[in-house]
Amino acid sequence: MSEYQGMRWVKADFQVQTPEDSKNWADPELRLGNPRRPKTGNVACELDIQNKARVFLKRCHELGLQLIGITDHNFSALTDPRDWFLTHLLEQNKSVAKELGRERIHIMPGFEVDIGYHVLCLFEPTGKAGDLEHVNKVLIQLGLPESRRFEKGESTPLRREDATISLAKLLRVVQDIHGGIVIAAHADQEDGLLQRSSNRADYQLTDLLALEVTQYPMSPRIADILLGKNREWSRGGKQPAYVQSSDAKSLKTDKDGNPRPNSLGYRSTWVKCSTPSIAALKQAFLDSASRISLEKIRPSDRETYPRIVSMSVKGLRFLEDQTITFSHNLNAMIGARGTGKSTILELLRIMFARETSDALSAKVQLKAKRAKETFTPETEIEVRWEGIVGQPDTIRFTSAEGLSLAVGEAHDLSAYLRHLPVQFYSQQQLSDLTAPGGQPQLLELIDEACAAELEKLHGEERTVAADISRLFAAKDQIVAIEAEITTLKQELVELERQWQARQDVQGEAAAYQNSQRAKRYYKVLSDRFADDVKAVERALESMAAPDDPSVMITDAWPHSAWFTTHAAEVNASRAAFRSKLESLVREMLSESARLFKQNEQWQAVSADLDTAQTVFLAACEDKGVQPQDVSRLQELDRTKLAKQKSLDDKKRQCEALEGTHQALDASLQKLFEIWREQHKLRQQAADNITGKTGKSVKVFITPMGYKTKFDEFWMALEPDRRSRIGREWDRIGDAFWNSFLTCSCSKKSSPWEHITELLDDTSKLPEILLQFKKELPEFTETIVEKWRALRLKRVPDLIDIELYRPDGTFIGSIEGNQLSEGQRNTAILNMLLVKGDGPIVIDQPEDEVDASFIYKDLVPLLRQSKVQRQIILATHNANLPVNADSEFVYALKSEGGKGCVLAQGGMDRKPTATAILDIMEGSEEAFKRRFEKYHF
């Protein structure tokens with residue numbers, strides 16, 4: 001993986017004294033000996049000065065310093081570079097860093113001189129001791145040879161021909177001739193630049209790029225000067241940058257381990273640069289708002305938002321194999337057309353699975369498709385992602401295996417990717433957002449800004465909607481139960497009437513039933529006796545006639561005589577019993593006749609029993625009851641009890657559902673309150689977003705005002721077009737909609753409730769609907785289920801965006817159709833860049849955008865947003881990488897039909913600046929020629 005080459009924050013101390021100035025250095029143990037390199041024999045020993053240089057460097061590392069300016073007063077009084085402490089700092093720098101496992105400290109050689117106030121002169125960071133001689137010669141050129149730099153141990157002012165060197169001359173010699181930089185030292189102190197009015201002219205020199213302040217926050221007077229509010233000190237062009245330094249004369253700390261005043265690390269400055277250099281410092285001072293910070297902690301430590309760390313690509317048709325390590329802040333992809341900058345952004349879109357969303361237009365999906373067409377069987381793409389700083393995941397794509405999570409955990413890759421807070425926008429998408437029909441995307445844009453709160457409300461909405469559906473069903477159940485109760489009550493009345501009529505003939509019925517039982521009993525006795533007779537007769541009939549023994553027995557049997565005699569004896573016994581049975585049958589028949597057929601008493605009893613029947617039949621005729629139904633009295637009792645039980649059950653069910661109507665009304669009101677809360681959340685989110693745009697954009701959200709969706713819902717109810725109401729259905733919907741919009745109710749529930757209210761009180765119907773006064777309620781009754789379902793559907797809110805000029809005057813709005821495509825894109829870009837904290841990737845945001853907006857609005861927005869989120873742009877407009885101060889520029893060129901890197905890094909790198917000039921300005925010469933013609 002390639003090392004990040006863009007700009008980053010570097011901890012700098014621009015005013016560091018060393019033991020070189022023995023009189024002012026406060027730590028005795030680090031003071032240099034005299035001689036500094038004592039000789040042993042004829043060989044100078046440098047061990048002492050080397051060890052002290054190592055102690056010094058280690059303290060710099062302990063403090064996290066990455067850039068130090070060595071500004072000993074008047075450089076040094078010694079002429080031999082081997083005696084200079086700075087020589088040994090440079091020489092020990094690499095080994096100390098290696099020992100500590102850190103990068104080498106960037107050391108800027110220089111000096112502090114007195115020109116009536118103190119100034120620091122710094123030169124290009126170096127690791128070569130030979131470069132120090134050049135710095136020494138600059139001081140000689142300014143008029144201070146080694147022999148005149150100190151008098152009695154005190155540094156002498158910088159004078160030439162008995163006159164103090166002017167700041168203008170110092171700037172010319174140090175900055176213009178020798179490529180260094182000048183900083184006014186401790187400018188806010190008594191001997192500093194800002195304390196005497198006679199120094200105003202020096203302050204107003206525009207080549208003075210930076211001053212050092214010792215107090216921060218600054219005093220009101222100093223702040224007014226440096227912020228350009230003090231007219232007496234005002235100067236043309238930009239105000240100088242201000243930095244802080246330690247003015248170190250010691251390495252000591254206090255009892256808590258913190259640097260003492262004027263000790264190394266007591267004060268410092270954060271500088272944003274690619275690699276520390278004079279060019280980087282000049283750019284930082286010229287753009288101090290973006291590149292200089294006086295915070296105690298590294299500014300990037302506050303940048304804990306998610307970011308794309310890097311992307312590497314291999315095996316693509318039109319892109320060379322390469323790795324891009326992105327800045328956490330603003331990244332600009334530049335290059336001529338066809339070099340692959342847009343393809344790189346599309347590859348990122350594909351890696352985050354954002355290329356197939358239904359919300360994307362066909363043109364946007366086509367660009368992603370074309371990017372995929374560059375894949376080969378050997379294609380491999382990896383993207384490193386940090387959702388939490390210091391915990392990177394790696395998303396990988398290969399032609400063989402597709403997308404996967406190579407490093408990290410995801411139970412469902414699609415869900416994992418879907419929830420990553422990365423936004424992708426092409427110029428086409430920006431246009432689509434604000435074009436006719438772009439309302440759903442605009443609503444989604446606002447919803448993303450309050451997603452967590454909205455999701456909670458959506459959950460409540462689903463719960464309440466389900467409860468309303470249940471209550472609608474319960475309402476229907478109540479109606480059905482009440483109908484059943486009415487039927488059961490009627491059935492019970494009829495059963496009671498029948499039961500009562502049968503109850504009135506129960507006496508006669510009982511007498512009749514007893515007489516019938518008696519008759520049945522008499523018949524049972526008769527039948528049983530007759531059955532006994534028949535049984536005896538059947539027994540008689542079943543007795544077989546005796547056998548003839550002579551037929552069966554032969555003389556051949558043993559004891560044949562005995563068998564013959566015994567058989568005769570058996571046959572005689574059977575004949576006797578048969579005779580007895582015949583006699584018994586005759587006796588039983590005679591007795592049956594006496595007991596039943598010839599019984600005179602039974603004749604009288606039978607007549608009496610028949611009288612009970614006659615009385616019963618007469619009573620039935622009198623009460624209007626069928627004789628055969630009297631026996632159903634018990635059955636009626638059972639039926640009546642069952643019906644009563646069913647009635648009681650239904651009443652209990654109805655009681656259990658008691659309050660359904662009130663609960664339904666309450667749930668509907670809760671649903672409407674949730675909808676109102678959703679609108680309130682969206683408006684708050686929109687206000688928060690637009691509040692960050694400097695009031696150039698305002699967003700207005702009309703609750704449930706998106707008519708296109710209302711029409712879609714309304715047409716789902718469309719009746720037969722051949723009917724009268726069907727032919728006017730569109731017009732009826734429009735009338736209801738207009739009535740809803742103009743309704744003065746302070747708490748509008750929904751269009752559907754408004755329609756329900758109108759149908760419940762048709763006197764309020766709009767005039768155009770009066771002709772359908774009767775048909776509409778009848779129609780809604782026939783589609784009750786559809787209507788109920790519709791009452792639970794929320795018509796989306798309507799988003800409108802207004803655009804304003806910097807002076808606050810109104811330009812126009814999207815819904816008012818008063819904005820050009822460029823103005824619409826201007827408005828939406830204002831919102832996109834300040835919404836959210838996840839990475840935002842935009843392909844050529846300057847396309848179709850007003851030119852004045854790019855510098856006046858888009859550039860400030862980018863500068864503001866880049867410290868709150870990662871931004872990755874592909875652009876053809878130099879304003880974006882240059883004036884928005886892109887931390888990382890990735891310049892592409894085409895070689896052999898493939899896009900490859902031309903230069904990368906911050907603009908403080910010469911190759912990067914040259915690439916921007918060549919690609920975006922047409923070359924340095926072209927830029928100069930245009931500049932000459934602008935009459936500056």
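**Entry 1: strand 26 and its neighbours**

I started at strand 22 (residues 423–426), which pairs with strand 26 in the parallel sense over 4 bridges. I am working on a predicted model. I looked up one contact in this pairing: the bridge partner of Gln423 in strand 26 is Ile840.

Next I checked strand 27 (residues 871–874). It runs parallel to strand 26, and 4 bridges join the two. Here I noted that Ile842 has Leu873 as its bridge partner in strand 27.

Then I asked which way the side chains of strand 26 (residues 840–843) point. Ile840 and Ile842 point one way, and Val841 and Asp843 point the other way. All of them are buried, Asp843 included.

**Entry 2: the open sheet**

I traced an open sheet of 9 strands with mixed pairing. I wrote down its order as 13-12-11-6-5-4-1-14-15. Strand 13 (241–243) and strand 15 (292–293) are at the edges. Each has a single partner strand, so one side of each has no neighbour in the sheet.

Inside that order I picked strand 4 (residues 67–70) and strand 5 (residues 106–114). They pair in the parallel sense over 4 bridges. Gly69 has Met108 as its bridge partner in strand 5. I also looked at what lies across these strands. Helix 2 (residues 85–100) lies across both strand 4 and strand 5, and it runs at about 165° to strand 5.

**Entry 3: aromatic pairs**

How many aromatic pairs does a search of the whole structure find? I got 23. I took Phe14 and Phe285 from these. Their centres are 6.1 Å apart, with 70° between the planes, and the pair is edge-to-face. Phe14 is in strand 1 (residues 8–16) and Phe285 is in helix 7 (residues 278–286). The pair links distant parts of the chain, 271 residues apart.

Are these two residues buried or exposed? Phe14 has 0% relative accessibility, so I logged Phe14 as buried. Phe285 has 2%, so I logged Phe285 as buried too.

I then turned to Phe375 and Phe397. The ring centres are 4.9 Å apart and the planes are at 40°, so I logged the pair as tilted. Phe375 lies in strand 19 (residues 375–388) and Phe397 in strand 20 (residues 391–398), so the pair ties together parts 22 residues apart in sequence. Phe375 is buried, at 13% relative accessibility. Phe397 is also buried, at 13%.

I noted one aromatic cluster as well. Its members are Phe710, Phe713, Trp714, Trp729, Phe736, Trp737, Phe740, Trp752 and Trp787.

**Entry 4: charges over rings**

I looked up two cases. The charged end of Arg235 sits over the ring of Tyr203, 5.6 Å from its centre. Lys698 lies over the face of Tyr804, at 4.8 Å from the ring centre.

**Entry 5: helix 26**

Trp787 of the cluster led me to helix 26 (residues 784–791). The buried residues of this helix are Trp787, Arg788, Leu790 and Arg791. They cover an arc of only 160° around the axis, so they are on the same side of helix 26. Which residues are exposed on the other side? I found Glu785 and Lys786 there.

**Entry 6: Arg370**

I closed with Arg370, which lies in helix 10 (residues 362–372). At 51% relative accessibility, Arg370 counts as exposed; the cut-off for exposed is over 50%. I also checked Arg370 against Phe810. They are 440 residues apart in sequence and 41 Å apart in space, C-alpha to C-alpha.

Terms used: Residues numbered from 1 in each chain as written. Predicted model: local features only at pLDDT ≥ 70, side-chain atom pairs only at ≥ 80, totals over all residues. Heavy atoms only, no water. Phe/Tyr/Trp six-rings, centres within 6.5 Å; stacked < 30°, edge-to-face > 60°. Buried < 20%, exposed > 50% of the residue type's maximum accessible area, 1.4 Å probe, protein only. Lys NZ or Arg CZ within 6 Å of the ring centre and 35° of its normal. Arc of directions from axis to C-beta. Pairing = 2+ DSSP bridges. Contact = heavy atoms within 4.5 Å. Axes fitted to C-alpha atoms, helices over the stretch in contact; angles between N-to-C directions.
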